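Student: I have a model on screen and some questions about it. Can we go through them one by one?

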Amino acid sequence: MAATSAGKVIGFVGIGVMGKSMAAHLMKAGHQVLVYNRTKQKAEELVAQGAVWKDQVAELAAEADVIITMVGYPADVEEVYLGEKGIVAHAKPGSYLIDMTTSKPSLAVKIYEEAKKRSLHSLDAPVSGGDVGAREARLTIMVGGDAEAFAAMEPIFKIMGTNVILQGGPGAGQHTKMSNQIAIASNMIGVCEAIAYAKKAGLDPSSVLRSIEAGAAGSWSLSNLAPRMIAGNFAPGFYIKHIIKDISIALEAAKEMGLATPGLELSLSLYQELAAQGLEDNGTQALIKWYDKHFGETV
């Protein structure tokens, strides 16, 4: 429990668009923060603000009371945690390990089991809310792991987010994030088709949007991403390449459970087609470009 009090050492691995803001909030709350990132330049602003740079993950793990990771892909998570120079091998007994990457539920269980052998507390805690949620400290944080570890780390989670829920044991956080991504992926198809239909019918899609977002059709994607589609703004809040990664994880997990997810399979095929056109670094709202290509300009 002491690890949650201000002034304790937190190691943060992965200083990307979201990780940078999350680490900054921890520093503002009074924690000493150690940072590591594969590209050191991305951490320079945090270091200038008082974060301590570490050249290796193992070095960071050996000094921190709490270690938070926000990296790219499941392969990165596995290397960072279970590699020879990784966190599990070098963290102090009693430390808390929190992976906030969207990753495989089965990998979260594996990390938990390996951590427990070394008297380490592991939580999988993926987030939703994107770069804006991270910047404004209002992320949704979905947690899997032991209740006691969650209770100890809850004050830290609440520095970074406003909707923090323990969903169950190891892997439950990742399974919850998969449910989140499944809902987003299929909903995005509906948003695109609504805009495409409105345009083809000769309507002003912005005017249509004002009507339908207030009713039963309303969703975060409809209110926040549809206006970007209409404006032709495809800057990434969340990359196409990352939604492809998340959908692939969700499909694998669903198949392992014997669950059919046809909406998810369709979404993946559409995004993969865009990625093959070199659009993987566009935001997910660029799905509207699929409709532009196949049915003419829709926005």
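Student: In which loop is Ala137 found?
Tutor: This is a predicted model. Look past helix H7 (130-135) and before strand E8 (139-144). Ala137 is found in the loop between H7 and E8.

Student: Is Ala137 buried or exposed?
Tutor: The cut-off for buried is under 20% relative accessible area. Ala137 is buried because its relative accessible area is 16%.

Student: What is the phi of Ala137?
Tutor: Most residues other than glycine have a negative phi. Ala137 is not a glycine, yet its phi is positive. The value is about 55°.

Student: Which residue in the loop between H6 and strand E6 has a positive phi?
Tutor: That loop comes before strand E6 (121-124). The residue there is not a glycine, and its phi is near 60°. It is Ser119.

Student: How does Ser119 count by accessibility?
Tutor: Buried ends at 20%, and exposed means over 50%. Ser119 has 47% relative accessibility, so it counts as partly exposed.

Student: What is the phi of Gly296, after H15?
Tutor: Gly296 follows helix H15. Its phi is positive. The value is near 90°.

Student: Which residues of H15 are buried?
Tutor: Helix H15 covers residues 288-295. Its buried residues pack against helix H9 (172-200), helix H12 (226-231) and helix H14 (262-276). They are Ile288, Trp290, Tyr291 and Asp292.

Student: What kind of aromatic pair do Trp290 and Tyr291 form?
Tutor: Start with a different pair for contrast. A search of the whole structure finds five aromatic pairs. Tyr36 and Trp53 are one of them, stacked at 5.8 Å centre to centre with 25° between the planes. For Trp290 and Tyr291, the centres are 5.0 Å apart and the planes are at 75°, which is edge-to-face.

Student: Which residues form one aromatic cluster with Trp290?
Tutor: Trp290 is buried, and so is Tyr291. The cluster holds Trp290 and two partners. Those partners are Tyr291 and Phe295.

Student: Where is Asp246, and is it buried or exposed?
Tutor: Asp246 has its place in helix H13 (residues 240-256). Its relative accessibility is 0%, so Asp246 counts as buried.

Student: Which side chains make polar contacts with the side chain of Asp246?
Tutor: One polar contact is at 2.7 Å, to Gln181. Another is at 3.1 Å, to Lys245. Leaving aside neighbours within four places in sequence, Asp246 is in contact with Thr102, Met178, Gln181 and Phe238. The polar partners asked for are Gln181 and Lys245.

Student: Over which ring does the charged end of Lys245 sit?
Tutor: Lys245 also makes the polar contact with Asp246. Its charged end is 5.8 Å from the ring centre. The ring is that of Tyr73.

Student: Which residue lies over the face of Tyr239?
Tutor: The distance from the ring centre is 5.0 Å. The residue is Lys241.

Student: At what angle do H4 and H6 pack?
Tutor: Helix H4 spans residues 74-82, and helix H6 spans residues 105-117. Their axes are 11 Å apart. The angle is about 0°, which makes H4 roughly parallel to H6.

Student: Which residues of H6 make the contact with H4?
Tutor: On the H4 side are Pro74, Val77, Glu78, Tyr81 and Leu82. On the H6 side are Leu107, Lys110, Ile111 and Glu114.

Conventions:
Residues are numbered from 1 along each chain as its sequence is written. This is a predicted model: local features need pLDDT of at least 70, side-chain atom pairs count only at pLDDT 80 or more; totals for chains, interfaces and linings use all residues. Side-chain values use heavy atoms; hydrogens and water are left out. Helices (H or I, at least four residues) and strands (E, at least two) are DSSP runs, numbered from the N terminus. Buried means under 20% relative accessible area, exposed over 50%, partly exposed in between (1.4 Å probe, protein chains only). A polar contact is a pair of N or O atoms within 3.5 Å; within protein, one must be able to donate a hydrogen and the other to accept it, and residues adjacent in sequence count only if both atoms are side-chain atoms. Contact means heavy atoms within 4.5 Å. Rings of Phe, Tyr and Trp (its six-membered ring) pair if their centres lie within 6.5 Å; planes under 30 degrees apart count as stacked, over 60 as edge-to-face and the rest as tilted. A charge sits over a ring if NZ of Lys or CZ of Arg is within 6 Å of the ring centre and within 35 degrees of the ring normal. Axes are lines fitted to C-alpha atoms, for helices over the stretch in contact, and angles run from 0 to 180 degrees between N-to-C directions. Angles under 35 degrees count as roughly parallel, over 145 as roughly antiparallel, 65 to 115 as roughly perpendicular and the rest as oblique.
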